[in-house]
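Subject: Structure handover and findings

Dear colleague,

Please find below the structure that I am handing over to you. My notes on what was found in it follow directly after.

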Amino acid sequence: MALETRGTVQMRGDTAPGIEVEVLSDGVRISLLHDDELIGDWEVADLGIQSLHDGFAIRAEGEEFVLKTDDDAALAREMGLVSASPRLARRLAAARNPDRPMPSDPETVGVSSILGAIGFALAGVMTITGAFLLRSDTDLTPGETTIGAGFGASGHFWSAFVLGGLLLVAVAVVMAMNKVWARTAAIIVVVGLVIFFGLAAQSATPDADHLLAYGFIAGGVVVAIAIAFAGSFGEPD
């Protein structure tokens, strides 16, 4: 079955725009036409063809050029390419299974997960910093700075915020690993932090040290909420 499509061709390494061509291939030969003029005609078996992230690198008659077409997947099938770039392989799979959605680029997924994990880790550090600022409050008695008292209003919930910050960091690790339950864990931790922040804010006094501490905690909570509900998660394993 012959294939006819359009594309561009340029010498490999050349930064100038390529010329527009019409591409014809029947699996045995491939021909390139520019303005109805034949500029190349070869047997596929005689060519050195390498699939790129976008298009093909083709060596013919001692010259190497890059061919990009409107339908790289169909051309690859027509020429019987065995190996393909990850993107071309996904296009080939989608062409064979048209009802199956094409998966996202792994590069995009990875970046999204890593950025989300970094943000969650930062939120955890901010929350822990605010918690220890609350613990160092000069208004607290030695008994109110204990871990147990830190889970209640008398200790300004500092222990609860330390635990919440550590959980945020733990969720960041889970996000980086693309675990299927990462989003659920993130939302649970964020909701818990919001509840404790509301309780702490109700019992807080208008003190400058309190404002600084709650500023750190609030910043961490806001960052965590933004990431948890903004879809900064990659595809689960």
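In helix α1, the buried residues are Asp-72, Ala-73, Ala-74, Leu-75, Ala-76, Glu-78 and Met-79. Helix α1 spans residues 72-79, and seven of its eight residues are buried, so the helix is largely enclosed by the rest of the structure. Please note that this is a predicted model.

For orientation, here is the overall layout. The chain holds seven strands and six helices, and along the sequence they follow the pattern β-β-β-β-β-β-β-α-α-α-α-α-α. Of the 237 residues in the chain, 39% are buried. Among contacts between residues at least 6 apart in sequence, 53% join residues at least 24 apart.

The nonpolar cores come next. The largest of them has 29 residues, of which Phe-120, Leu-134, Phe-161, Leu-168, Val-171 and Met-175 touch the most other members. Helices α3, α4, α5 and α6 each supply at least two residues of this core, and the largest share, nine residues, comes from α4. Another core, of 18 residues, lies apart from the largest one; Leu-3, Val-23, Ile-58 and Met-79 are among its members. Met-79 is also one of the buried residues of α1. As general background, nonpolar side chains in soluble globular proteins tend to be buried together.

Which residues does Val-171 touch, leaving aside those up to four places away in sequence? They are Phe-120, Ala-182, Ala-185, Ala-186 and Val-189. Of these, Ala-182, Ala-185, Ala-186 and Val-189 are buried residues of helix α5.

Helix α5 itself covers residues 182-203, which is 22 residues. From its first C-alpha to its last it reaches 32 Å, close to the 32 Å expected at 1.5 Å a residue. Its buried residues include Val-190, Leu-193 and Ala-200 in addition to the four just named. Seen down the axis of α5, the buried residues fall within an arc of 125°, so they line one face of the helix. On the other side of α5, Ile-188, Ile-195 and Gln-202 are exposed. In general, an α-helix has 3.6 residues a turn, so residues three or four places apart point the same way.

Finally, there are the aromatic rings. A search of the whole structure finds four aromatic pairs, and two of these are described here.

One pair is formed by Phe-132 and Trp-158, whose ring centres are 6.0 Å apart with the planes at 45°, so the pair is tilted. Phe-132 lies in helix α3 (residues 106-135) and Trp-158 in helix α4 (residues 158-176), so the pair ties together parts that are 26 residues apart in sequence. Phe-132 is partly exposed, with a relative accessible area of 43%, whereas Trp-158 is buried, with a relative accessible area of 6%. Trp-158 has a further partner: the charged end of Arg-135 sits over its ring, 5.0 Å from the centre.

In another pair, the ring centres of Phe-197 and Tyr-214 are 5.9 Å apart and the planes stand at 85°, so this pair is edge-to-face. Phe-197 belongs to helix α5 and Tyr-214 to helix α6 (residues 208-228), so the pair ties together parts that are 17 residues apart in sequence. Phe-197 counts as partly exposed at 23% relative accessibility, while Tyr-214 is buried, with a relative accessible area of 9%.

Yours sincerely

Definitions and conventions: Residues are numbered from 1 along each chain as its sequence is written. This is a predicted model: local features need pLDDT of at least 70, side-chain atom pairs count only at pLDDT 80 or more; totals for chains, interfaces and linings use all residues. Side-chain values use heavy atoms; hydrogens and water are left out. The expected span of a helix is 1.5 Å times one less than its number of residues. Buried means under 20% relative accessible area, exposed over 50%, partly exposed in between (1.4 Å probe, protein chains only). The arc is that of the directions from the helix axis to the C-beta atoms. Rings of Phe, Tyr and Trp (its six-membered ring) pair if their centres lie within 6.5 Å; planes under 30 degrees apart count as stacked, over 60 as edge-to-face and the rest as tilted. A charge sits over a ring if NZ of Lys or CZ of Arg is within 6 Å of the ring centre and within 35 degrees of the ring normal. A nonpolar core is a set of buried Ala, Val, Leu, Ile, Met, Phe, Trp, Tyr and Cys residues joined through side-chain atoms within 4.5 Å. Contact means heavy atoms within 4.5 Å.
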